[in-house]
Amino acid sequence: MLKTTRKPILVVEDDPDIRALLVEVLTEAGYEVVCSRSASEGLGLLISSTGPAFQLITLDLNLPDMSGISFLEELARHTEAAYKVPVVVVSANPPHLIASPQVKGVIAKPFDLDTLLETIDRAA
């Protein structure tokens, strides 16, 4: 089912191949996608006055500038609506528990495309 959205999904992923795959799959599913190569860039997009509001974030945990867990901790420090976006973690080594109410799903890499889309559809 094609999904028409008003707000884009923010993909925070440093691996260019996985980032490209996520963009392709999500775009084909009808989502608009904005990409970030690092946690700090993703946070910047969230707080940017000219940037779009996001309906969901896909988040890798192993990022070059700060971990995905640190990214989630930074989100939790803010009360602004821009920071209260559901998150789906997409990681090669996801922990069993993530102490963040914003995390609505965890997908292990390598991931099944149908499972990824089902998780994102539920969380978005």
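In the predicted model, Asp-60 is in contact with Val-12, Glu-13, Asp-14, Gly-68, Val-90, Ser-91 and Lys-109, leaving aside its neighbours within four places in sequence. Asp-60 is placed in the loop between S3 and H3. Its relative accessibility is 4%, and Asp-60 therefore counts as buried, the cut-off being under 20%. Two polar contacts of the Asp-60 side chain can be described. One joins it to the side chain of Lys-109 at 3.4 Å. In the other, a polar atom of the Asp-60 side chain lies 3.4 Å from the backbone nitrogen of Asn-62.

Gly-68, one of the residues in contact with Asp-60, is also among the buried residues of H3, together with Phe-71, Leu-72 and Leu-75. Viewed down the axis of H3, the buried residues fall within an arc of 95 degrees, so they line one face of the helix. These residues pack against S1, H2, S3, S4 and strand S5 (103-108). For Leu-75, the contacts beyond four places in sequence are Leu-43, Leu-46, Ile-57, Tyr-83, Lys-84, Val-87 and Gln-102.

Leu-75 also belongs to the largest nonpolar core, which has 19 residues. Leu-75 is listed with Leu-46, Ile-57, Leu-59, Phe-71 and Val-87 as having the most contacts inside this core. Two or more residues are given to the core by each of strand S1 (9-12), helix H2 (39-47), strand S3 (56-59), helix H3 (68-76) and strand S4 (87-91). A second core, separate from this one, has 18 residues, including Ile-9, Leu-26, Val-88 and Ile-120.

Ile-9 of the second core stands opposite Val-33 in S2. The pairing of S1 with strand S2 (residues 33-36) is parallel and extends over four bridges. Between these two strands the chain passes through helix H1 (residues 16-28), forming a β-α-β crossover that is right-handed.

His-78 is found in the loop between H3 and S4. The C-alpha atoms of His-78 and Ile-9 are 19 Å apart in space, and the two residues are 69 residues apart in sequence. With neighbours within four places in sequence left aside, His-78 is in contact with Tyr-83 and Lys-84, both of which also appear among the contacts of Leu-75. The side chain of His-78 makes polar contacts with the side chain of Glu-74, at 2.9 Å, and with that of Glu-80, at 3.4 Å.

Technical notes. Residues are numbered from 1 along each chain as its sequence is written. This is a predicted model: local features need pLDDT of at least 70, side-chain atom pairs count only at pLDDT 80 or more; totals for chains, interfaces and linings use all residues. Side-chain values use heavy atoms; hydrogens and water are left out. A nonpolar core is a set of buried Ala, Val, Leu, Ile, Met, Phe, Trp, Tyr and Cys residues joined through side-chain atoms within 4.5 Å. Buried means under 20% relative accessible area, exposed over 50%, partly exposed in between (1.4 Å probe, protein chains only). Contact means heavy atoms within 4.5 Å. Two strands pair if DSSP finds at least two bridges between them. A crossover is right-handed if, with the strands pointing away from the viewer, the path from the first strand over the helix to the second runs clockwise. The arc is that of the directions from the helix axis to the C-beta atoms. A polar contact is a pair of N or O atoms within 3.5 Å; within protein, one must be able to donate a hydrogen and the other to accept it, and residues adjacent in sequence count only if both atoms are side-chain atoms.
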